[in-house]
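Got the structure open in your viewer? Here is a tour of what to select next and what you will find at each stop.

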Amino acid sequence: YRHKRSISAPTKNPKDLLRTCGFCGEMILLDIIKEHNHICPSCGGYFQIGARERIDMLTDRNSFVETHAQMISLNPLDFPHYQEKLASAQEAANEVEAFISGHATLSGMPLAIGALDSRFLMGSMGSVVGEKVARLIELSISEGIPLVIISASGGARMQEGIFSLMQMAKTAGLLQKHDEAGLLYISILTHPTTGGVSASFAMLGDVIIAEKGALIGFAGKRVIMQTIKEDVPDGFQTADFMAEHGMIDCVLNRTEIRPTLEKLLLFHQGRQAYEHA
């Protein structure tokens with residue numbers, strides 16, 4: 001990876017003021033959608049949101065300070081047309097890469113926080129995403145503050161091959177150090193969380209929260225059925241199914257995530273104060 005100047009925001013046009021709900025087809029003003037936490041006020045369906053919106057929804061206003069903002073992927077395997085795909089993804093998401101990270105506060109409590117952006121190559125994890133996740137974990141350890149990661153990913157980035165797969169072991173190893181330091185890691189799974197991300201840092205939280213309606217799994221249903229030569233239950237990769245089978249701790253509506261996160265941080269803060277009394 002290398003460093004690059006930040007991408008400027010696109011020019012606004014009238015179409016940017018409206019969004020169409022993918023569930024009910026209603027045309028809604030963007031300002032109204034934001035007021036409703038990116039939830040359709042007509043049918044309750046969830047709009048896709050980017051990493052920065054996720055972080056803004058979960059932290060104090062203007063408290064987020066981004067780190068390692070200019071790290072950008074190269075093409076280590078000379079994969080055909082990868083650079084063009086990266087350029088297209090940067091334009092579509094208006095981001096340099098698929099993971100946004102930094103530190104912020106929630107109700108005055110400090111935390112290290114990062115989020116994957118599914119608009120950028122489906123939030124796939126390449127070498128830069130893995131390195132930014134690793135550095136966020138290291139920030140949490142060095143500052144002694146809780147870690148929160150919001151996942152939304154199709155998995156490892158195929159264009160980077162083994163360099164992408166290496167990030168699974170790297171992030172998992174650092175989370176072991178994070179655990180040994182006695183720090184809290186809260187993993188929030190949103191739609192979708194799959195592949196190498198679900199098989200590494202996304203499922204290693206001390207507390208794992210899934211947003212209502214999230215698809216969570218490793219391989220796709222068809223691949224699994226072809227591999228095991230058996231049918232799989234309906235809805236087996238839904239957030240509710242995962243909670244029912246003990247794979248995650250709870251499923252929350254989008255509006256419930258922030259107050260739940262606040263309670264968990266307060267509880268952990270109280271535990272730390274008790275241990276050091």
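Start by selecting Asp60, which sits in the loop between helix H2 (51-58) and E4. One thing to keep in mind as you click around: this is a predicted model. Show the side chain of Asp60 and look for Arg258: the two side chains make a polar contact at 3.4 Å. Now bring up what else Asp60 touches. Leaving aside residues up to four places away in sequence, you should find Thr105, Leu106, Ser107, Gly108 and Arg258.

Ser107 is a handy stepping stone, as it lies in the turn of a hairpin formed by E6 and E7, with two residues between the strands. Check the backbone there: phi of Ser107 is positive, about 50 degrees.

**Along the hairpin**

Select residues 99-106, which is strand E6. How many of its eight residues are buried? Six are, so E6 is largely enclosed by the rest of the structure. Now add residues 109-116 for strand E7, which pairs with E6 in the antiparallel sense over eight bridges. To see one of these pairs up close, pick Ile100 and look across to its bridge partner in E7, Ala115.

E6 also pairs with strand E4 (residues 65-66), again in the antiparallel sense, this time over two bridges. Which residue of E6 is the bridge partner of Val65? Pick His103 and you have it.

**The whole sheet**

Zoom out and color the strands. Seven of them form an open sheet, running E4-E6-E7-E8-E9-E10-E11, with mixed pairing. At the edges are E4 and strand E11 (250-252), each of which pairs on one side only. For a parallel stretch, go to E7 and E8, which pair in that sense over four bridges. Ala112 is a good landmark here, standing opposite Leu147 in E8. While you have the strands on screen, a general reminder: in a regular strand the side chains alternate between the two faces of the sheet.

**A cis bond in E9**

Move to His191 and Pro192. Is the peptide bond between His191 and Pro192 cis or trans? That bond is cis, with omega near -10 degrees. Pro192 belongs to strand E9. As background, most peptide bonds are trans, and most residues other than glycine have a negative phi. Hold on to that second point for the last stop.

**The second largest pocket**

Keep His191 selected and switch on a surface. The second largest pocket has a volume of about 370 Å³. Its lining takes in 22 residues, and the ones closest to its centre are Tyr46, Phe47, His191, Glu211 and Arg254. Strands E8 (147-153) and E9 (185-193) each supply at least two lining residues. The largest share, three residues, comes from E9. Color this lining by class and you get 10 nonpolar, eight polar and four charged residues.

**A cavity**

How many cavities of 30 Å³ or more does the structure hold? There is one. The largest cavity has about 30 Å³ of space. To find it, select its lining: Arg54, Met57, Leu58, Ile188, Glu211, Arg254 and Ile257. You have already met Glu211 and Arg254 around the centre of the second largest pocket, and here they are again in the cavity lining. Helices H2 and H9 (254-275) each provide at least two of the lining residues, with H2 giving the most, three. By class, the cavity lining has four nonpolar residues, three charged and no polar ones.

**Two more positive phi values**

Finish with two loop residues. First, select Asp78, in the loop between strand E5 (71-72) and helix H3 (82-93). Asp78 is not a glycine, yet its phi is positive, about 50 degrees. Is Asp78 buried or exposed? Asp78 is exposed, with a relative accessible area of 65%.

Then jump to Asn94, which you will find in the loop between H3 and E6. Asn94 is another residue other than glycine with a positive phi, near 55 degrees. Its relative accessible area is 26%, which makes Asn94 partly exposed.

Terms used. Residues are numbered from 1 along each chain as its sequence is written. This is a predicted model: local features need pLDDT of at least 70, side-chain atom pairs count only at pLDDT 80 or more; totals for chains, interfaces and linings use all residues. Side-chain values use heavy atoms; hydrogens and water are left out. Buried means under 20% relative accessible area, exposed over 50%, partly exposed in between (1.4 Å probe, protein chains only). Two strands pair if DSSP finds at least two bridges between them. A polar contact is a pair of N or O atoms within 3.5 Å; within protein, one must be able to donate a hydrogen and the other to accept it, and residues adjacent in sequence count only if both atoms are side-chain atoms. Contact means heavy atoms within 4.5 Å. On a 1 Å grid over the protein atoms alone, a cavity is a set of points where a 1.4 Å probe fits but cannot get out, and a pocket is an open set with protein on both sides within 12 Å along at least five of seven lines; lining residues have an atom within 4 Å of a point. Grid points are joined across faces, edges and corners, and a volume is the space filled by probe spheres set on the points. Ala, Val, Leu, Ile, Met, Phe, Trp, Tyr, Cys and Pro count as nonpolar, Asp, Glu, Lys and Arg as charged, and the others, Gly among them, as polar.
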